[in-house]
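Colleague: Could you walk me through one part of this model in detail? Pick a residue, start from the whole chain, and then work outwards from your choice. Short sentences, please.

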Amino acid sequence: MIKKLLQIVVALTFSVSLYAQVKDSIQSVKRENPILYFELFGGVSATRYFGYTGGFELNYQYKKSLFSFRYSDVKGLAKETETPLVIILILPDFYVSENVKEYALLYGIRNVKQKTSFSISAGISHNYLTKTLKDSEGNFYLRSENYVGFPFEANMKWFASKKRSKMIWDILIPSGGVKLFGSISERSFIGLGGTFGIGFNKKY
């Protein structure tokens, strides 16, 4: 009788231990997060004119493949009048001569390490250009056009190697980085700036 009870106890103990291990392994698989992050970026850029660019980007990574949607607001600045350089430095005399709004889909490769990542991407975009022109009498007027472009970018990012808590940092893990971006089209541009993002930059 005692022998049978011992066998039952051993069997139950083994079953409970096996169930706990299976449960833990299932939970660990379920807890594996996707690589998904959102970022804002901004910096200097050059079209036909020197200017600045701001925008945002949503990124999803599967294995080493990176899929991105990018919105960029590119502004080119032109000098309104022929003003001496000393006066320009005191009272800037510029206006937005070209404004490109870019909606881009990109595909690339991203290499992730413990605290850093590097990615390079290219794709296709729809662009909406607004030009501010001046007639012979000095009056400004607008002209718009749409065209297709071929965007590209390279990113270097830094982020936390581990989650900081089990609360808000689980989904709002911050990151910062440097972005080289641009587009090849009839209105090509290139720029360099910084990024700030939140999300899962790797599997935690």
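Modeller: Start with the outside of the chain. The protein chain exposes about 12900 Å². Carbon and sulfur atoms supply 68% of that area. Keep in mind that this is a predicted model.

Now the inside. The chain has 204 residues, and 37% of them count as buried. Its secondary structure comes to two helices and eight strands. Along the sequence, the pattern reads α-β-β-β-α-β-β-β-β-β. Consider the contacts between residues with a separation of 6 or more. Residues 24 or more positions apart account for 59% of these.

My choice is Glu-39. Where does Glu-39 sit? Its place is in strand 1, which covers residues 35-46. Is Glu-39 buried or exposed? Its relative accessible area is 1%. The cut-off for buried is under 20%, so Glu-39 counts as buried.

Next, look at the strands beside it. Strand 1 pairs with strand 2, residues 50-62, through 12 bridges. The two run antiparallel. A hairpin of three residues joins strand 1 to strand 2. Take Leu-40 as a marker: Leu-40 stands opposite Phe-56 in strand 2. Strand 1 also pairs with strand 8, residues 189-200. That pairing is antiparallel too, over 11 bridges. Here the marker is Phe-41, which stands opposite Thr-195 in strand 8.

What does Glu-39 touch, leaving aside its neighbours within four places in sequence? Among its contacts are Gly-55, Phe-56, Glu-57 and Asn-59. Asn-155, Lys-157 and Lys-179 are also in contact with Glu-39. So are Thr-195, Phe-196 and Gly-197.

Two of these partners deserve a closer look. The side chains of Glu-39 and Lys-157 are joined by a polar contact of 2.8 Å. A polar contact of 2.9 Å joins the side chain of Glu-39 to that of Lys-179.

Follow Lys-157 a step further. The side chain of Ser-175 makes a polar contact with the side chain of Lys-157, at 3.3 Å. Ser-175 lies in strand 7, residues 174-184. Ser-175 is buried, with a relative accessible area of 4%. Leaving aside neighbours within four places in sequence, Ser-175 is in contact with Lys-157, Trp-158 and Phe-159, among others. Its contacts also include Thr-195, Phe-196, Gly-197 and Asn-201.

Now for the charged pairs. Side chains of opposite charge can pair when their charged atoms come close. A search of the whole structure finds 10 salt bridges. One of them joins the side chains of Glu-102 and Arg-70, at 2.9 Å from N to O. Glu-102 lies in strand 4, residues 94-112, and Arg-70 in strand 3, residues 65-79, so the pair ties together parts that are 32 residues apart in sequence. Glu-102 counts as buried, at 0% relative accessibility. Arg-70 counts as buried at 0% as well.

Another salt bridge links Lys-75 with Asp-73, and the closest N and O atoms are 3.0 Å apart. Lys-75 has a relative accessible area of 18%. For Asp-73 the value is 17%. The limit for buried is under 20%, so Lys-75 and Asp-73 both count as buried.

Arg-187 forms a salt bridge with Glu-98, with the closest N and O atoms 2.6 Å apart. This pair links distant parts of the chain. Arg-187 is in the loop between strand 7 and strand 8, Glu-98 is in strand 4, and 89 residues separate them. Arg-187 and Glu-98 are buried.

Which residues do salt bridges with shared partners join into one network? They are Glu-39, Glu-57, Arg-70, Glu-102, Glu-153, Lys-157 and Lys-179. That brings us back to Glu-39, a member of this network.

Last, the nonpolar side. In soluble globular proteins, nonpolar side chains tend to be buried together. The largest nonpolar core here has seven residues in all. They are Phe-41, Val-74, Val-100, Leu-129, Tyr-147, Phe-181 and Phe-189. You met Phe-41 above, opposite Thr-195. Now take Phe-181, leaving aside its neighbours within four places in sequence. Phe-181 is in contact with Phe-41 and Phe-189, among others. Arg-70 and Glu-153 are also among the contacts of Phe-181. Arg-70 and Glu-153 belong to the salt-bridge network as well.

Terms used:
Residues are numbered from 1 along each chain as its sequence is written. This is a predicted model: local features need pLDDT of at least 70, side-chain atom pairs count only at pLDDT 80 or more; totals for chains, interfaces and linings use all residues. Side-chain values use heavy atoms; hydrogens and water are left out. Helices (H or I, at least four residues) and strands (E, at least two) are DSSP runs, numbered from the N terminus. Buried means under 20% relative accessible area, exposed over 50%, partly exposed in between (1.4 Å probe, protein chains only). A polar contact is a pair of N or O atoms within 3.5 Å; within protein, one must be able to donate a hydrogen and the other to accept it, and residues adjacent in sequence count only if both atoms are side-chain atoms. Contact means heavy atoms within 4.5 Å. Accessible areas come from the Shrake-Rupley method with a 1.4 Å probe; for residues, only the protein chains shown count as cover. Two strands pair if DSSP finds at least two bridges between them. A nonpolar core is a set of buried Ala, Val, Leu, Ile, Met, Phe, Trp, Tyr and Cys residues joined through side-chain atoms within 4.5 Å. A salt bridge is a side-chain nitrogen of Lys or Arg within 4 Å of a carboxyl oxygen of Asp or Glu.
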